[in-house]
Amino acid sequence: MKRTYTPPEVITERCTGCGMCVEVCPSFVLDMVNEKASAVRGEWCIGCGHCGAVCPVEAVLHEAIAVEKGPELGPGPATPPEVLLLLLRERRSVRVYRDEPIEKEVLERILDAGRYAPTGRNSQNVHYVVLKSPEEIAQLREMTLAFYEKIFAQVRGRVGAFFLNLFVGRRMVEYLRESIPKVDHAKELIEQGEDCLFYHAPAVMVVHAESWDSCSAFNCAVALYNCSLMTHTLGVGCCFNGYLESAINNGRRIKKWLGIPRDHRCFGAMTLGYQEVKYQQLVGRDPAKVMWR
Ligand SMILES: Cc1cc2nc3c(=O)[nH]c(=O)nc-3n(C[C@H](O)[C@H](O)[C@H](O)COP(=O)(O)O)c2cc1C
């Protein structure tokens, strides 16, 4: 459902006519009228709150700002680049979790970080499913493994692989075929009680959004990434899970079981748990693949 926003209200007496709110509005809502800002196309407001946030004299009132007053902002960015870079480098996939549930309040703080992610047209269309019951996680694991059991049975056979080719493409079938030894190894470990899929995580998080919206994939990915950064600061580890994401989108049963609407697609999933291991070293990455023009 399309969200509607109350347009900004300009307090004309306070407005100094600097025009900054007009300049930052991405949706042409404000214009200068008689040297004062005015919300002339209020119906186009996407609720980003930039207009109110930029006003130096609090002359532009916007619901996005009134709702959540944050801490006072200094003149420059609050986070120095080296601190941010360290956070980005410290965040690693965590696959060894303490056998301990994550409190709901902690999960809520993690979800809160997702809310501040950017979304195309400020749609804020990211939906979450959070599983924290061991029984439900076990059920999800079973369904996901059953999905891959079927897929790999197809990959192993010539006819199955041919039909799979039509749906997922040749390169994917090749990739799956190359994965067979690893999958067989994982299967053995799973039979011995190892959880090679969710790593015995006490919580699983899934993000989904409307399939028609071309921004949904990015919106969900960034929101989930925000959450992953927050987990790190809280001593919680997480690991994105592409296997689960794919199983949700290609195995109707799982999607339905999770309560994800038919017209939505899953654009990310991760396991979470209190971190059992601490990485002692940072790692390097490949140089950026850049084309300077
Ligand atoms: C889209 C995506 C899907 C991933 N899927 C899985 C997964 O199914 N299982 C897993 O153990 N790790 C998964 N990962 C984690 C990657 O293996 C990991 O990010 C990568 O090896 C780099 O390590 P780092 O996250 O610790 O920096 C996934 C990561 C991304 C971004």
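**Figure 1. Strand E6 in a predicted model.** Strand E6 is largely enclosed by the rest of the structure, because seven of its eight residues are buried. The model shown here, as in every view below, is predicted. Strand E6 covers residues 203–210 and runs antiparallel to strand E8, residues 264–274. Eight bridges join E6 to E8. Among the residue pairs to look for, Val 204 has Thr 271 in E8 as its bridge partner, and Glu 210 stands opposite His 264 in E8. E6 also pairs with E5, again in the antiparallel sense, over five bridges. One of the residues to find there is Met 205 in E6, the bridge partner of Val 130.

**Figure 2. The four-stranded sheet that contains E6.** Four strands, in the order E5-E6-E8-E7, form an open sheet with antiparallel pairing. Strand E5 (127–131) and strand E7 (236–240) are the edge strands, and each of them pairs on one side only. From one strand to the next, the twist averages 25°. As background, strands of a sheet pair through backbone hydrogen bonds, either parallel or antiparallel.

**Figure 3. Val 129 in strand E5.** Val 129 has its place in strand E5. Is this residue, Val 129, partly exposed or buried? Val 129 counts as partly exposed because it has 16 C-beta neighbours inside 10 Å, whereas a buried residue needs 20 or more. Which residues is Val 129 in contact with, leaving aside its neighbours within four places in sequence? The contacts of Val 129 are Val 206, Leu 258, Gly 259 and Ile 260. Ile 46 can serve as a second point of reference: Val 129 and Ile 46 are 83 residues apart in sequence, and their C-alpha atoms are 25 Å apart in space.

**Figure 4. The shell around the ligand.** Which residues are around the ligand? They are Arg 92, Ser 93, Arg 95, Cys 239, Phe 240, Asn 241, Gly 242 and Tyr 243. Two elements, strand E7 and helix H11 (242–250), give two or more residues to this shell. E7 is also one of the edge strands of the sheet in Figure 2. By type, the residues of the shell divide into three nonpolar, three polar and two charged.

**Figure 5. Helix H7 and the residue that follows.** Helix H7 (residues 158–168) is hardly covered. Among the 11 residues of H7, the count of buried residues is zero. Strand E6 gives a contrast, with seven of its eight residues buried. After H7 comes Gly 169, whose phi is positive, near 95°.

**Figure 6. The chain as a whole, for orientation.** The chain has 12 helices and eight strands. Its C-alpha trace spans about 75 × 45 × 45 Å along the principal axes. The chain is divided into domain 1 (9–67) and domain 2 (78–278), and the centres of domain 1 and domain 2, taken over C-alpha atoms, are separated by 40 Å. Of the 293 residues in the chain, 27% are buried. Among the contacts with a separation of 6 or more, 72% are between residues 24 or more positions apart.

Note on methods
Residues are numbered from 1 along each chain as its sequence is written. This is a predicted model: local features need pLDDT of at least 70, side-chain atom pairs count only at pLDDT 80 or more; totals for chains, interfaces and linings use all residues. Two strands pair if DSSP finds at least two bridges between them. Axes are lines fitted to C-alpha atoms, for helices over the stretch in contact, and angles run from 0 to 180 degrees between N-to-C directions. A residue is near a molecule or strand if its C-beta atom, placed from the backbone, lies within 6 Å of it. Ala, Val, Leu, Ile, Met, Phe, Trp, Tyr, Cys and Pro count as nonpolar, Asp, Glu, Lys and Arg as charged, and the others, Gly among them, as polar. Domain bounds come from an automatic or database domain assignment. A residue is buried if 20 or more other C-beta atoms lie within 10 Å of its own, exposed if 12 or fewer, and partly exposed in between; C-beta atoms are placed from the backbone. Two residues are in contact if their C-beta atoms, placed from the backbone, lie within 7 Å.
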